[in-house]
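Reader: I'd like a close look at one part of this model, please. Could you walk me through it without too much jargon?

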Amino acid sequence: MTEDRRNEETMRSVLFDGHPFEVNVRSIPKAKLVKQTDAVVRVTTAAICGSDLHNYHGVFGSNDVPYALGHEAMGIVEEVGTEVKTVKVGDRVIIPDLPEDDSLHVEPEITPVLALYGEGAQFGNLGGCQAEFVRVPIADKSLIILGEEFEHIEDRDLVVLTDIFPTAWVGLTWSGFQAGDTVAIFGAGPVGLLAAYSAIIRGASRVYSIDHVEERLEAAASIGAIPINFTKDEPSAQILAREPNGVQRAVDCVGEECINGRLKHDQSFVITQAVKCTSVGGGIGVIGVHFAQPTSKGVERGNTISPTMTFPMTLFWEKNLTMRAGTVDSKMFVEPMLELLKSGRARPGFVFSSTIGIEDAPTAYRRFSDKLETKVLIKFPSGEKGNGNVREEARKNSDSLLGGQRPRKAKQRQSFSYTSPKRIKH
């Protein structure tokens with residue numbers, strides 16, 4: 001990005017206009033400081049998250065449209081307010097998906113207040129991270145500064161620390177996981193793959209990955225998980241055939257838009273299957289999004305998600321199970337992942353199947369929604385260290401993505417290495 005481009009008053013951003021299955025890239029006012037505790041970050045890399053598809057599908061987000069999308073990004077600090085003390089211009093930073101909240105909560109709350117990037121006015125009006133610049137409030141507490149020890153690590157491995165790697169890690173923790181446990185991970189999208197990856201890194205004895213997309217199941221098998229195609233039989237039955245007493249832990253990485261074995265929308269399918277295959281005294285973590293909203297101009301398909309669903313309460317009670325669910329504040333849990341990356345034990349960027357430039361985001365969203373991509377990286381020509389000509393890299397990958405020349409089976413995955421228990425036989 002040239003100096004002239006930085007001085008422009010507008011920036012390119014992915015926008016949602018309220019029309020399901022459609023996003024656009026347009027010029028909007030450039031992000032700027034609002035308070036003196038803010039910073040403005042020039043984005044080098046962003047990503048499309050599975051949660052962004054809830055907006056794309058018209059089942060989640062603000063009523064008022066348009067708004068900018070995206071909550072996974074990292075980059076270089078461009079500007080800081082006068083009250084910012086630790087973050088400096090030129091710092092390479094990760095932008096966690098949930099910024100620090102500057103309000104004081106002294107009373108218990110019956111309804112959570114969520115401030116999220118990429119969700120519009122009802123969720124903090126923070127702007128989106130799939131853009132050339134991002135305003136970050138409470139910068140000293142909201143940004144993760146990457147020191148020299150991370151210079152050799154590519155953005156593709158770091159950008160997942162904004163959300164999905166910590167979320168996957170914590171979902172496993174919420175299930176009550178301990179080294180040696182057997183684990184069932186529902187969903188082999190990017191979060192599910194990183195949940196399986198986390199379980200293997202943390203010493204699971206066996207990890208089952210449940211999905212129906214063969215490319216994603218192949219990716220799960222490549223890291224040592226046992227693939228389970230839920231269209232062939234109930235996943236709980238397939239797991240119990242291998243684990244007669246059930247698995248000790250299960251993690252829901254799918255959420256409210258889950259489908260059943262007939263590939264029909266069925267909100268209760270994953271949680272029911274998780275309860276069925278989890279052993280007595282076991283635990284379940286739920287990190288897939290469950291957030292029903294009324295139909296509105298910005299959420300045109302809100303009525304397709306019910307605020308209630310069937311739950312196998314008697315079986316849950318009989319088994320003496322535990323369950324924890326909710327939103328993960330990634331910045332609170334990112335430290336172990338930073339150490340894993342620094343040591344070379346983890347390279348979570350393997351979940352990306354394509355790299356694009358921002359102008360190709362509409363096509364990438366469609367392909368991701370159609371499960372033709374596992375996860376999409378958005379590169380900006382901002383001069384990221386050690387990654388070569390990112391404009392050319394994005395162009396080549398976008399040409400493949402747009403032209404449909406890339407094979408259905410994603411063979412472009414990056415190689416990676418980590419220290420793990422003995423590879424699972426299956």
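Reader: What covers the buried residues of H8?

Author: Quick housekeeping before H8. The model is predicted, with local features needing pLDDT of at least 70 and side-chain atom pairs counting only at pLDDT 80 or more, while totals for chains, interfaces and linings use all residues. Residues are numbered from 1 along each chain as its sequence is written, and side-chain values use heavy atoms, with hydrogens and water left out.

Now to H8. Helices (H or I, at least four residues) and strands (E, at least two) are DSSP runs, numbered from the N terminus. The cover over the buried residues of H8 includes E9, strand E10 (206-211), strand E11 (226-229), E12 and H9. Here "buried" is under 20% relative accessible area, exposed is over 50%, and partly exposed lies in between, with a 1.4 Å probe and protein chains only. The buried residues in H8 are Pro235, Ser236, Gln238 and Ile239. They sit on the same side of H8, because they span an arc of only 160° around the axis; that arc is taken from the directions from the helix axis to the C-beta atoms.

One of the covering elements, H9, deserves its own look. Helix H9 (residues 269-277) is largely enclosed by the rest of the structure, because eight of its nine residues are buried. Those are Phe269, Val270, Ile271, Thr272, Gln273, Ala274, Val275 and Cys277. What they pack against includes H8 (235-242), strand E9 (182-186), strand E12 (247-252) and strand E13 (278-286); helix H10 (313-318) and strand E14 (322-325) are also among these partners. Contact here means heavy atoms within 4.5 Å.

The strands around H9 are tied together too. E12 and E13 run parallel and are joined by five bridges, where pairing takes at least two bridges found by DSSP between the strands. Across that pair, Arg249 is opposite Gly283 of E13. Together, E12, H9 and E13 form a right-handed β-α-β unit: with the strands pointing away from the viewer, the path from the first strand over the helix to the second runs clockwise.

E13 itself is mostly covered, with seven of its nine residues buried. E13 also pairs with E14 in the parallel sense, over four bridges, and Ile284 stands opposite Met323 in E14. E13, H10 and E14 make a right-handed β-α-β unit as well.

Finally, back to Cys277 in H9: this residue is buried, with a relative accessible area of 0%. The disulfide count is zero, taking a disulfide as a pair of cysteine sulfur atoms within 2.5 Å.
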